[in-house]
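Here's a quick tour of the model in front of you. Start with the charges, then the fold as a whole, then some strand pairing.

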Amino acid sequence: MSGVFEANRARGAVRFDVHARDGVTRRGTLHESGSLRVRFPSPEGEGLSGVFVNTAGGVAGGDRFDIEIAAADAARLTLTTAAAEKVYRAPGAAAQLNIGLKVAAGAHLAWLPQETILFDRARVHRRFDIELDSAASLLLCEIVVFGRTAMGERMEQGEFVDRWRLRRGGKLVFAETVRLDGNIGAKLGRSAVAKGGAAIGTALIVPGDEALVEKIREASDSFSGEVGISAWNGFAMARFCAQDAARLRADMMAVLARTGAALPRLWLN
């Protein structure tokens, strides 16, 4: 039975590049395989928007999805997902999510997927490898929800490994690996972890400085969860923790508004 399960795992890959021509960003070569797709709605201004669609209907143990994106000089690209991604219970191997982003001089990439929801006993390993030119800009936001709190569900056991590596101008400027496994529900209840919260988030902003940090902190009275932000090595990072996804999403949107970012239409529906 386990052999049948392993043979029926979802595989998906998307690889494409974008470039600017006469001030307008256009898609270059696109490769899609398996159950992962990307669609490009009508252009909004000079930038290009992409929406990822997982036709497998979610992520299960042993699945693997690979994304590689390159934004050439002066290109502007915003990426999101058609819906929240659900990661289901994994009786065997963990799911693998690998994202590689390359942003050239003068280009801007905004990675703004909707929430990733982990069901009880889900197991997933995610990896971000980001290469930025020293004159490129990036906005990368991720929200992870441990259980569907609106349905009275909570993730108690499982595994979540999140590895981020950011290089700017060829130099490694940020490296972090978050690992939660075993009794995740109990760990999230600790004051030093999430203080009982069920949703966490991160916003990585490049370039970022103390002026941006102070601008975001001016909105602190409106936050319904915990939000912390700091800047170093030429970028800013905001951390979020809330009791549920709706509160964290509202806090994330408030922070992004302070950065001047334009949210994808799907975030506003």
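## Charges

How far apart are the mean positions of the positive and negative charges of the chain? They sit 4 Å apart, taken over 35 positive and 31 negative charges. Here Lys and Arg count as positive, Asp and Glu as negative, with His and the chain ends not counted; each charge is placed at NZ of Lys, CZ of Arg, CG of Asp or CD of Glu.

## About the model

This is a predicted model, so to speak: local features need pLDDT of at least 70, side-chain atom pairs count only at pLDDT 80 or more, and totals for chains, interfaces and linings use all residues. Residues are numbered from 1 along each chain as its sequence is written, and side-chain values use heavy atoms, leaving out hydrogens and water.

## Overall fold

The chain has 5 helices and 17 strands (DSSP runs numbered from the N terminus: H or I of at least four residues, E of at least two). Its C-alpha atoms fill a box of roughly 55 × 45 × 35 Å along the principal axes.

Of the 269 residues, 46% are buried, meaning under 20% relative accessible area with a 1.4 Å probe, protein chains only. Among contacts (heavy atoms within 4.5 Å) between residues at least 6 apart in sequence, 72% join residues at least 24 apart.

## Strands around S6

S6 (residues 76–81) runs parallel to S4 (residues 48–54), joined by 5 bridges; strands pair if DSSP finds at least two bridges between them. In this pair, valine 51 stands opposite threonine 80.

S6 also pairs with S9 (residues 108–111), again in the parallel sense, over 4 bridges. There, leucine 79 faces tryptophan 111 as its opposite number.

Key: Buried means under 20% relative accessible area, exposed over 50%, partly exposed in between (1.4 Å probe, protein chains only).
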